[in-house]
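Work through the exercises below with the sequence and the coordinates at hand, and try each task before reading its solution.

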There are 2 protein chains.
Amino acid sequence: MSSKIPVLEIFGPTIQGEGMVAGQKTMFVRTGGCDYRCAWCDSAFTWDGSQKATPMTADDIMAKLEQTGGGRFSHVTISGGNPALHVGIAELIERFQEKGIASAVETQGSFWQDWLLNVDDVTISPKPPSSEMTTDWSRLDTFMMRLSARRDGNHNLKIVIFDEEDLVYAKQVHGRYPDVPLYLQVGNDDLDNQDPARLRDHLLEKYEWLVDRVMADPELNRVRVLPQIHALLWGNKQGV
Amino acid sequence: MSSKIPVLEIFGPTIQGEGMVAGQKTMFVRTGGCDYRCAWCDSAFTWDGSQKATPMTADDIMAKLEQTGGGRFSHVTISGGNPALHVGIAELIERFQEKGIASAVETQGSFWQDWLLNVDDVTISPKPPSSEMTTDWSRLDTFMMRLSARRDGNHNLKIVIFDEEDLVYAKQVHGRYPDVPLYLQVGNDDLDNQDPARLRDHLLEKYEWLVDRVMADPELNRVRVLPQIHALLWGNKQGV
Ligand code: SF4
Ligand code: SF4
């Protein structure tokens, strides 16, 4: 019997707003549950009980993706919460491969799943001090090592930066895994702002701060700094 | 004797605002001269006589890069104008390779240079109908074929979109070179706007239009749509 996956939302096609495949047309599957409790989590509804997840099989999810996206997608992003909590995603990735659909997953690197080996683009997003979480470095080392061993696919690190302390953490991560492309992005510290234009100005100001800091730092020459495209376009709206 | 390169500006480090290495910390070298005269060229000062280029050797350029960027870069973008007009860039790319500096070049694909084989990231940006230029498809075919033959490095297509006709052109290009990643971005049709906040709102509105069009189109499933990060941050200012 296949293991069900708790799903909170399935939507798209929309663009991937962050990281290594920023701008890519993609569908989103958002899973419920997280082993972290980041202070600034922008998807707290995946774990705080405010929204109820629906247990779905891989086939249920495929059907819903096709119904929602029609023929208008060839890429699916699985996000959370922490999708790596769910063993059932293995079957979903198999479905994608059968259909020639490219896949991307984002996870903080605290749990391993063998199905990660079959995902095209894996983003590992360790959480900096401002999250109030503590990185288990030996777990992360093992995670990164297993991922590096695969033959196909890309992986990259992404760190959300709120303050100077987070930047120090980012350099520590970069120094530890120097060959893995590192993306930095500013954190959205204004999750309650319902005025997209003001949120946009605020986030662009913070983005400019982060760009300035990275430009000035010889330790961050190979880093890429991206804005959060979704927040620029749609503010804090869910499901776009 | 080494062949000199006409240079209009050398600046950075700043972020790459467009395309496949968007967000990457990079220095810019902008060369003078273009074989095109795009109606909406945002770098017309490289060819309209309004600014004077300085003839520089590869060593001159390296010295200036190091003086300007200090130790704060490991990536250089050569843009124009059309950098592929200049045979002397071969030597500059050699210098980069000696020093472990990664390189990126953007060109419309109308002229070939063998040094393109040694550039890490080549962006080919054919010009759509709104530019009032006509694509010489057989030249572009040859250019793409030569580029595909190289062993290392990435290349991608980037098309600036102003209107529906440009989108039709983008699909034609995508159909012709289906295996080359295609990036679309909205054109900046407001080059005289000196108010960065208003320009930003205008460009994000246009970006949202392009995102909507791409999301709706099954022929554009594998395309990536990016905003122009520089214009969002700094408006129409030159040299940032
Ligand atoms: S790891 Fe991600 S989903 Fe989990 S609490 Fe942190 S930000 Fe939220
Ligand atoms: S090819 Fe580029 S530099 Fe040349 S005219 Fe067109 S936009 Fe300007």
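For sorting residues by character, Ala, Val, Leu, Ile, Met, Phe, Trp, Tyr, Cys and Pro count as nonpolar, Asp, Glu, Lys and Arg as charged, and the others, Gly among them, as polar. The model used throughout is a predicted one.

**Exercise 1.** List the residues around ligand 2 and state how they divide into nonpolar, polar and charged.

*Solution.* The first step is to collect the shell, which consists of Cys34(B), Tyr36(B), Arg37(B), Cys38(B), Cys41(B), Trp47(B), Gly81(B), Gln108(B) and Lys127(B). The next step is to sort these residues by character, and the shell then divides into 5 nonpolar, 2 polar and 2 charged residues.

**Exercise 2.** Determine whether Cys34(A) and Cys38(A) are buried or exposed, and find their contacts beyond the neighbours within four places in sequence.

*Solution.* Start from the record: an unreviewed UniProt entry lists Cys34(A), Cys38(A) and Cys41(A) under "binding site". Next, locate the two cysteines: Cys34(A) lies in the loop between β2 (25–31) and β3 (54–56) of chain A, and Cys38(A) is found in the loop between β2 and β3 of chain A as well. Then compare the accessibilities with the cut-off, which is under 20% for a buried residue. Cys34(A) has a relative accessibility of 17% and therefore counts as buried, and Cys38(A), with a relative accessible area of 10%, is buried too. Finally, with those sequence neighbours left aside, Cys34(A) is in contact with Trp47(A), Gly81(A), Asn82(A), Leu85(A) and Gln108(A), while Cys38(A) is in contact with Trp47(A), Lys127(A), Ser131(A) and Met133(A).

**Exercise 3.** Describe the surroundings of Gly23(A), and say which residues of chain B it touches.

*Solution.* Gly23(A) has its place in the loop between β1 (5–15) and β2 of chain A, and its relative accessible area of 0% means that Gly23(A) is buried. Within chain A, and not counting residues up to four places away in sequence, Gly23(A) touches Ile15(A), Gln16(A) and Ile229(A). The last of these is 206 residues away from Gly23(A) along the chain, yet the C-alpha atoms of the two are separated by 8.1 Å. From chain B, the residues that Gly23(A) touches are Val223(B), Arg224(B), Val225(B) and Leu226(B).

**Exercise 4.** Which operation superposes chain B on chain A?

*Solution.* In general, two copies of a chain are related by a rotation about an axis and a shift along it. Here chain B is superposed on chain A by a rotation of 180° with 0.0 Å of shift along its axis, at an RMSD of 0.0 Å. The two copies are therefore related as by a two-fold rotation axis. The same surface serves both copies, since 100% of the contact residues of chain B recur in chain A.

Technical notes: Residues are numbered from 1 along each chain as its sequence is written. Chains are lettered from A and ligands numbered from 1 in the order in which they are written. This is a predicted model: local features need pLDDT of at least 70, side-chain atom pairs count only at pLDDT 80 or more; totals for chains, interfaces and linings use all residues. Side-chain values use heavy atoms; hydrogens and water are left out. UniProt positions are given in the numbering used here, feature names are shortened, and annotations may be inferred rather than shown by experiment. Helices (H or I, at least four residues) and strands (E, at least two) are DSSP runs, numbered from the N terminus. Buried means under 20% relative accessible area, exposed over 50%, partly exposed in between (1.4 Å probe, protein chains only). Contact means heavy atoms within 4.5 Å. Copies are superposed by least squares on the C-alpha atoms of residues with pLDDT of at least 70 in both. A residue is near a molecule or strand if one of its heavy atoms lies within 4 Å of it.
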